Amino acid sequence: MSLPFEYDRVAVGEFGGTMPTTTDFEHARVVILPVPLDRTTSYVAGTRNGPHEILVASSHMELWDEETGTDVHSIGIFTLPEMDFPFGTIDEVVGEIRRVASEIVGRGKFPVVLGGEHSITPAVVAAIAERHPGLSVLQIDAHADLRDTYMGTPHNHACAMRRVLEHAPTTQVGIRSLSTEEAAAIPSLPTHVFYDFNMRADPNWMDRVVATLSDTVYVTIDVDAFDPAIMPATGTPEPGGLSWYEMIGLLRRVAEKKRVVGFDLVELSPMGGNVAPNFLCAKLIYKLLSYTFGREAGRR
């Protein structure tokens, strides 16, 4: 595979399979970057296998989206090889992710990053914020991830959004797990938090979420945002959470009202013998792409 830039990598499949449309990096509108990082996982490991299993599941996915009336695959979706991390420190890992993300957005591509643990997100946001001043970040997650440091590093997955705040303000949706330290810090941080236990008390909660965002938005989705009844394949499950239709309803509203410039999906820890969570992730990615590029793909 010929690429316009280099990094340590492992060959994997193409998102959505190879039919009916394939493209190369130069002509792709969307670039998929698999980042199988699993260095700071604190409960159940396995997120390193998430990107591969999402790509495998996506190859079994029908490409017509009946909701938007589009086949967004037609705009050109190119899948890069998996990143590899022959580095001694997490600081070096973060630096390499930021470099590769900068290469992608610097060439005018729409990045979709497949995790891996949530600690990949700040490096991607840093790269995108450089290109898109005024960026805001929508985090859909069970956990606040606002610790300043955890387990000896500021780059732990539990610190992901604290690091993101160094580059862009955030809106956090579905939160139902945070430490005493995080709860004390939230009032002084540039973030809007929608807690899972009470956000639905307002029937217009999705509109309120959208109203907190700037015109240009990056979306980060931790799969533990979902109810674990439909998403058990994650290392840190929490009771409660969003349904499938709450998730896609919110994403559609954001894509309609704001300019989405990239997103990631993280923390899938695949379960042997249960491929439904992997397929859910692939379908969710395709849904958000359909919402974002439906007009470009040509709604019928």
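Good morning. I begin with the second largest pocket, which has a volume of about 210 Å³. I should say at once that this is a predicted model. Fifteen residues line the second largest pocket, and those nearest its centre are H143, D145, R147, H157 and A158. By class, its lining comprises six charged, six polar and three nonpolar residues.

I turn next to the largest pocket, which holds about 480 Å³ of space. Its lining is made up of 22 residues, with R29, R259, V260, T292 and F293 closest to the centre. Of the lining residues, ten are charged, eight nonpolar and four polar. Which elements each supply at least two residues of this lining? They are helix 3, covering 121–131, helix 7, covering 244–257, strand 10, covering 259–266, and helix 8. Helix 8 makes the greatest contribution to the lining of the largest pocket, namely six residues.

Helix 8 therefore deserves a closer look, since a helix that lines a pocket may still be covered along much of its length. 

Helix 8 runs over residues 276–297. Is helix 8 mostly covered or mostly open? It is mostly covered, as 16 of its 22 residues are buried. What does its length show? A straight helix of 22 residues would span 32 Å at 1.5 Å a residue, whereas the end C-alpha atoms of helix 8 are only 27 Å apart. Helix 8 also has a kink of about 50°, centred on Y291.

The cysteines come next. How many disulfides does the count give? The count comes to zero. As a reminder, a disulfide is a covalent bond between the sulfur atoms of two cysteines. As for burial, C159 has a relative accessible area of 0% and is buried. C281 is likewise buried, at 0% relative accessibility.

Finally, the cavities. Searching the whole structure yields three cavities of 30 Å³ or more. The second largest cavity contains about 40 Å³ of space. Its lining consists of V94, S119, P122, P154, H155, N156, A160 and R163. By class, these divide into four nonpolar residues, three polar and one charged.

To close, I return to two points. The largest pocket takes six of its lining residues from helix 8, and helix 8 carries a kink of about 50° centred on Y291. Thank you.

Definitions and conventions:
Residues numbered from 1 in each chain as written. Predicted model: local features only at pLDDT ≥ 70, side-chain atom pairs only at ≥ 80, totals over all residues. Heavy atoms only, no water. Disulfide = S-S within 2.5 Å. Buried < 20%, exposed > 50% of the residue type's maximum accessible area, 1.4 Å probe, protein only. Helix = DSSP H or I, 4+ residues; strand = E, 2+ residues; numbered from the N terminus. Expected span 1.5 Å × (residues − 1). Bend = angle between axes of the 7 residues up to and from the residue. 1 Å grid on protein atoms, 1.4 Å probe; cavity = no way out; pocket = protein on both sides within 12 Å on 5 of 7 lines; lining within 4 Å. Points joined across faces, edges and corners; volume = space filled by probe spheres on them. Nonpolar A, V, L, I, M, F, W, Y, C, P; charged D, E, K, R; others polar.
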